[in-house]
Amino acid sequence: MTQMLNIVPDKCTGCQQCELACSWVQTGTFQPSQSLIRVNVFDEEASYAPYTCLQCDEAWCMNACPTNAIGVDPVNLAKVVTDSLCIGCHLCTIACPFGTVFTLPQNDKAAKCNLCGGDPACAASCPTNAIEFIDSDDKAGDWFGEWGDRVNSRYVEATTAGAK
Amino acid sequence: MNGWTGKLLRVNLTEGTCEVEAIREDWAREYVGGRGLADRYLYEEMDPSVDPLSPENKLIFATGPLTGTPVPCGSRYMVVTKGALTGAITTSNSGGFWGPELKFAGYDMIILEGAAPKPCYLFINDDHVEIRDASHLWGKWVGETEDGLRRETGLPGLRVACIGPAGENLVKFACIMNDKHRAAGRSGVGTVMGSKNLKAIAVRGTGGVNVADGKAFMQAVWNMRSVMGENPGSKAFSDFGTAATIDMTQSFGGLPTRNFQEGQFVDYEKLNGVAVRDTRMVTNKACFACTLACGRVCVLGEHSDKFLVNTHPRNWSTAGEGPEYEAAWALGADTCVGDLDAVLKANWLCNDLGMDPISMGSTLSSAMELYERGIVTDDDVELPLNFGSAEALVRMTEATAFREGFGDDLAEGAKRMGDKFQHPEVFMGVKGQEFPAYDPRGFQGMGVAYATCNRGACHLRAWSPALETSGDVDPHVPEGKSEWVVAEQHKSTAHDATGLCLFTGFAGGSLEAFVPCTAAATGIDFTVDDFIKIGERTWNLERLWNLKAGLTKADDTLPKRLLNEGHKSGPAAGVTVQLDKMLPVYYSERGWDDEGVPTKEKLEELGLAAL
């Protein structure tokens, strides 16, 4: 069964342990600027939201890549970058609607979440279980749950008010 | 070097120069980092007798080798200087995200020298270091300063440590604030920064922290995480924050009330951890790499508009952080204000203006005592300063930061204010610094801990309730307390050298847990015994510094109220602090002579004989 990262912003305290864990796996140093998961801080809302690649079924980054450097991990269906094929054109970073594909300054190649080969370090490191690696059938498509509804409420309000 | 970045930044504000230097590796082995290493640099480089607000005073920001790593609560930086409030060496530390960012930019420490001719801020973007004009930021509150710097640099990841109006106006207990609500709070480190015309240090770092043995390091981190995860302290911090301590101190008669005239506060349940969580808290919040998340993000209640705030630039309908235990006590119990909204508002004013809420509340309590005794009169003050006045609490907090009216007296701290009105007995503190929230008549050990702490009255060097609430020890007797305090002072000092938050120690993350992390990170095979020795060495170094600064045994004392007057009621009724019994034991346990001077043998044992 496929697994996915389930992120619950309401549980997040903003400590960035996930960024440290991710950068450790990616680079061997503790370097949040190299992390492929980022904690977004909404100070005025007192809310913290870790955010990383959604592993889209129809991944725009894959479609955009001219050298087929982004492929699918056959085991966990993560979209992964093959460094030797990447030519550093940045098209994938532009194609991604969610802004979760990065290019690294040291080699100018694409970098994105690969689910750590099936054992994501961010989920293991989270002290409050705000990030969990779960079977995707349980909760597929419900990434932001109630938090998403709440944050989105202003947009909904504004658009319905306009309709009236 | 691993763990450490191996570099320090030396900034001369008078000359306008910034230079990068290598960290002294021999000192890093002997003092590790943070408080210890910065102490060593200050001892080497500065004459302890200088005026704390003169350009000759140096201001050091120091991280530890574990700052910026995933060791739980590896977020701290330490500010070391000669305290404006105390005239003693001071070591104020803060969490948040600024310390790790400095490491990511590539520096363990910043040493600031001299004083700038006009307001400036230090901008650090990895290798790019620059002193910039800050005349447009002068006068801005802390939140505005941080937001403004992010906007003008265009760096959303910028971290800012700055002073508020209180630091600019040289309020003697001004803080250095970072991440808006985190403070290097005590002893007037912000006052020193203000005297240097330095508004802020803005840092962006994209580098990383390397460790020597990654596998061993991650193993040690996970060991520490699992020990802390099983400790009930972790959950208590997360659920109730530090304000849960109010119930404990209340039950022991050790919650100082009415400027230490009583040891219990009738309205304590309006301010405790449960009240904060159930009525005001929006969410809890962590500092960098923190697994406890004791921070409270709160909103004000419905009727909070009644408290007068004249000048605040931002709309406070949104959330702010606090109160933690010390602020809830100083602004609440000590002033007898049992109104959580007033306490929150005063707390946020302290944060946004950049002032220490402990000294603020305690100084105001002293003023309230003077007012109720008729020594401070209505001619001196703009509104009545009765105990329990929420209006006075909020208004005088604001007035203090701007030195308006009677706020000008409050801004000098309780000691100088008491001296001015010729009633020095109302000052409740040691070495010029006001007490924090533990009455030593309820916890005898705190008496000797307060009297001997190198930075003046402080609860973070030997927190004796850990021993005295265990049930095994009578909290009211002096026997056995000095020995415990000495041992604990070594441990907490070693803790402060690593870059970890002291609270890990209250949640199971003791030396046994974090020393292996430090060893694996640095590649130096530190043991627990090494660390206790490092703690003792640092403590003695600070003592030597203070002696050179002119402090003596006469400064290791407590106010007469604690030595002679007991509470009239409560669990600690009639108990006084028997410092005369504890202090000689403390000195001999330390290997110091009768005058509190470290003996030659002790200094040789610690490798300090040459100093």
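How many helices and strands does the secondary structure of chain A come to? The answer is 6 helices and 8 strands. This is a predicted model, and every value below is computed from it.

**Chain A**

Along the sequence, chain A runs β-α-β-β-α-β-β-α-β-β-α-β-α-α. The chain has 164 residues, and 43% of them count as buried. Take the contacts in chain A with a separation of 6 or more: 57% of these join residues 24 or more positions apart.

Helix H1 of chain A spans residues 17-27. Its buried residues are Gln17(A), Cys18(A), Glu19(A), Leu20(A), Ala21(A), Cys22(A) and Ser23(A). The cover over these residues draws on both chains. From chain A it includes strand S2 (38-42), helix H4 (121-125) and strand S8 (131-135). From chain B it includes helix H7 (214-230). After H1(A) comes Gly28(A), which has a positive phi, near 75°.

**Cores with members in chain B**

The largest nonpolar core holds 88 residues. Which of them touch the most other members? They are Met355(B), Leu385(B), Phe406(B) and Phe435(B). Helix H12 of chain B (residues 340-353) supplies the largest share of this core, 9 residues. Apart from this core lies another, of 71 residues. Val50(B), Leu66(B), Phe217(B) and Ala513(B) are among its members. In soluble globular proteins, nonpolar side chains tend to be buried together.

Leu385(B) shows the packing in detail. Leaving out residues up to four places away in sequence, Leu385(B) touches Leu364(B), Ala367(B), Met368(B), Tyr371(B), Ala392(B), Met396(B) and Phe406(B).

**A helix pair in chain B**

Two packed helices are described by the angle between their axes and the distance between the axes. In chain B, helix H13 (residues 357-372) and helix H14 (residues 390-401) have axes that come within 11 Å. These axes cross at roughly 115°, so H13(B) and H14(B) are roughly perpendicular to each other. Their crossing is right-handed.

Which residues make the contact? H13(B) contributes Met360(B), Leu364(B) and Met368(B). H14(B) contributes Ala392(B), Leu393(B), Met396(B), Thr397(B) and Thr400(B). By class, this contact has 6 nonpolar residues, 2 polar residues and no charged residues. An α-helix has 3.6 residues a turn, so residues three or four places apart point the same way.

**Backbone exceptions and a helix proline**

Two residues that are not glycine have a positive phi: His90(A) and Asp179(B). The table sets out their values.

| Residue | Phi | Loop | Relative accessible area |
|---|---|---|---|
| His90(A) | about 70° | between S5 (79-81) and H3 (91-95) of chain A | 27% |
| Asp179(B) | about 50° | between S10 (176-178) and S11 (182-184) of chain B | 10% |

Are these two residues buried or exposed? His90(A) is partly exposed, whereas Asp179(B) is buried, with a value under the 20% cut-off.

Chain B also has a cis peptide bond. This bond joins Gly322(B) and Pro323(B), with omega about 5°. Pro323(B) sits in the loop between strand S15 (320-321) and helix H11 (325-333) of chain B.

Another proline, Pro232(B), is found in helix H8 (residues 232-240) of chain B. Pro232(B) has a relative accessible area of 64%, which is over 50%, so this residue is exposed. From Pro232(B) to Tyr107(B) the separation is 125 residues in sequence. In space, the two are 36 Å apart, C-alpha to C-alpha.

Technical notes:
Residues are numbered from 1 along each chain as its sequence is written. Chains are lettered from A and ligands numbered from 1 in the order in which they are written. This is a predicted model: local features need pLDDT of at least 70, side-chain atom pairs count only at pLDDT 80 or more; totals for chains, interfaces and linings use all residues. Side-chain values use heavy atoms; hydrogens and water are left out. A nonpolar core is a set of buried Ala, Val, Leu, Ile, Met, Phe, Trp, Tyr and Cys residues joined through side-chain atoms within 4.5 Å. Buried means under 20% relative accessible area, exposed over 50%, partly exposed in between (1.4 Å probe, protein chains only). Helices (H or I, at least four residues) and strands (E, at least two) are DSSP runs, numbered from the N terminus. Contact means heavy atoms within 4.5 Å. Axes are lines fitted to C-alpha atoms, for helices over the stretch in contact, and angles run from 0 to 180 degrees between N-to-C directions. Angles under 35 degrees count as roughly parallel, over 145 as roughly antiparallel, 65 to 115 as roughly perpendicular and the rest as oblique. A crossing is left-handed if the near helix is turned anticlockwise from the far one by less than a right angle, and right-handed if clockwise. Ala, Val, Leu, Ile, Met, Phe, Trp, Tyr, Cys and Pro count as nonpolar, Asp, Glu, Lys and Arg as charged, and the others, Gly among them, as polar.
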